[in-house]
Amino acid sequence: MSTTDGGPWWRSAVIYQVYPRSFADANGDGIGDIDGIRAHLGHLRDLGIDAIWMSPWYPSPMADAGYDVADFRDIDPVFGTLAGAEALVEEAHAVGIRMIVDIVPNHISSEHPWFKAALAAPSAKERDYFWFRPGRGANGDEMPTDWRGEFGGTTWTRTPDGLWYLHLFTPEQPDLNWDHPDVRAEFESILRFWFDRGVDGIRIDSAALLFKDKDLPEVRDGAPHPFHDLDEVHDVYRAWRRVADSYDGDRALIGEVWMPDVERFANYLRPDELHAAFNFDLLGCAWDPALMRASIDRTLDAHAAVGAPATWVLSNHDVTRHVTRYGREDTTFSFDNNLDGTPVDLELGTRRARAAALLSLSLPGATYLYQGDELGLWENENIPPSSFQDPMWARRGHSRDGCRVPLPWSGDEPPFGFSTASPWLPQPPEWKGLTVEAQTGDPNSMLSLYRSAIALRREEPGLHRAEMAWLDLHPQVLAYCRGANFACVVNMSGASIPLPDHETSLLASGPLDGDRLPPDTAVWLRLS
Ligand code: NOJ
Ligand code: CA
């Protein structure tokens, strides 16, 4: 398990997100599972990744695709068994791949024994593990606040005894009360449960939402937010860091922190808190050299201030796949700007996604791939709404299912080797050229590009250093050096540009035009 900068692995790893429902189905029920992942570990080994981040695989009623956890110490039968999960950790380690599991501390499933006990009796001690409050108005039938949910919609549900409970996501995901010591103790014990099973890291869901202002003020401009990024949260992560540090072998804590303020974001990465956090700044950024350069600088500066590694993410199970984003006229991403159904040029999007792969794999820090990025999958925008399973659809009119479609492995038609049954979400028949089988051995495929780039990233000394230096070649071009003689050049202009002086071209995202770099193409160069 090599790292690229000599430091701990999490500073520079290539981390691959497995979304277990959609990776590979071994038992023929149309839903991906642990045995499917075990059967396809060779794909991940050949891709050259350092670690897998596994989206939730715990017992769950699946009100939010497993982000509604009923038991953090077991595996949902749809995915397999705890013994299977332990075997996967061992088998991944045997081929040099580390394992990161996903922990969801902000809320649990309404089917979790704690919430069931809390509902069963007003006097139950579990009541205090949640946010039960009386309503407003003469009969208490108005919600305690007008807070808007993270998926849109309201955030309180009334129980038969007249009180309301808080849920920042769906009613099936009651928020936990992190002021309660039992909640803290329980999660520290859950971390130990997984660290004891050899996992190398924990991805922390909705890491900035845990605490709420007990006075329940409304959200107001200029006032501190009642449930985003309250200072108390840092205490929890300091305690978690002590747990992680008590294990051998560089166990890492990686936060999902959506936060526009980069300084507040960096607070989570102080030396005694989380090791890393997902940086979504670049993901939301338009395909625009000046904006991307500013985003990269902002990110590197914020991380440098706390000595943490930057992270780069282009896609995940929550956002529109970047082949689709980069093929639209508006190439930004934000949950508040629904671009579903706007025209997409998939060829352009794919060209840019190839260039973006070379960009994100050559910036200093760790890079995250979402399963299917390596195949150049696009968002399936043709899923009939009647098949949508994502609870966001009802609340925001946008479904995340389009990026969660099962992977195409082989063959000419759906289910493309994913399953022997009909997959839980439909695959576009046009993916027949994008299967792992079709792309393997094709030197021009997205898969070959990713494999070559990840292999070069391991070997290239310039990419093992923390620094980068911008090269000012052209206003519409992103170009930078890593070390003395490695450069990455991304042409975001509408015309080809001359390449800077160089010894060799190491890898290009598309054909070069002699010594010129065509539009929407990136190249890695050995400088002379
Ligand atoms: C963030 C996860 O990535 C997302 O999929 C989930 O819906 C929310 N947290 C709620 O757990
Ligand atoms: Ca299955």
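In this predicted model, the calcium ion (ligand 2) is held by D25 (OD), N27 (OD1), D29 (OD), I31 (O) and D33 (OD), at 2.2 to 2.3 Å. Along the sequence these donor residues follow the spacing D-x1-N-x1-D-x1-I-x1-D. Two of the donors can be set side by side: D29 has 35% relative accessibility and therefore counts as partly exposed, whereas D33 is buried, with a relative accessible area of 4%.

Helix α4, which covers residues 113-120, has W114, F115 and A118 as its buried residues. Viewed down the axis of α4, these buried residues fall within an arc of 95°, so they line one face of the helix. The general geometry is that an α-helix has 3.6 residues a turn, so residues three or four places apart point the same way. On the other side of α4, P113 and A120 are exposed. The cover over the buried residues of α4 includes β4 (132-133), β6 (164-166) and α5 (181-196).

Aromatic rings form a further theme, with 32 aromatic pairs counted in the model. In one of these, the ring centres of F193 and W194 are 5.2 Å apart and the planes stand at 75°, so the pair is edge-to-face. Both partners are buried: F193 has a relative accessible area of 13%, and W194 one of 1%. F193 and W194 also belong to one aromatic cluster, together with W57, Y58, F72, W178, F187, Y237, W240 and Y268.

Charged side chains also meet aromatic rings. R127 lies over the face of F132, at 4.3 Å from the ring centre. Likewise, the charged end of R325 is placed over the ring of Y326, 5.5 Å from its centre.

Note on methods: Residues numbered from 1 in each chain as written. Chains lettered and ligands numbered in written order. Predicted model: local features only at pLDDT ≥ 70, side-chain atom pairs only at ≥ 80, totals over all residues. Heavy atoms only, no water. Donors = N, O, S within 2.8 Å, 3.2 Å for Na, K, Ca; no water. Buried < 20%, exposed > 50% of the residue type's maximum accessible area, 1.4 Å probe, protein only. Helix = DSSP H or I, 4+ residues; strand = E, 2+ residues; numbered from the N terminus. Arc of directions from axis to C-beta. Contact = heavy atoms within 4.5 Å. Phe/Tyr/Trp six-rings, centres within 6.5 Å; stacked < 30°, edge-to-face > 60°. Lys NZ or Arg CZ within 6 Å of the ring centre and 35° of its normal.
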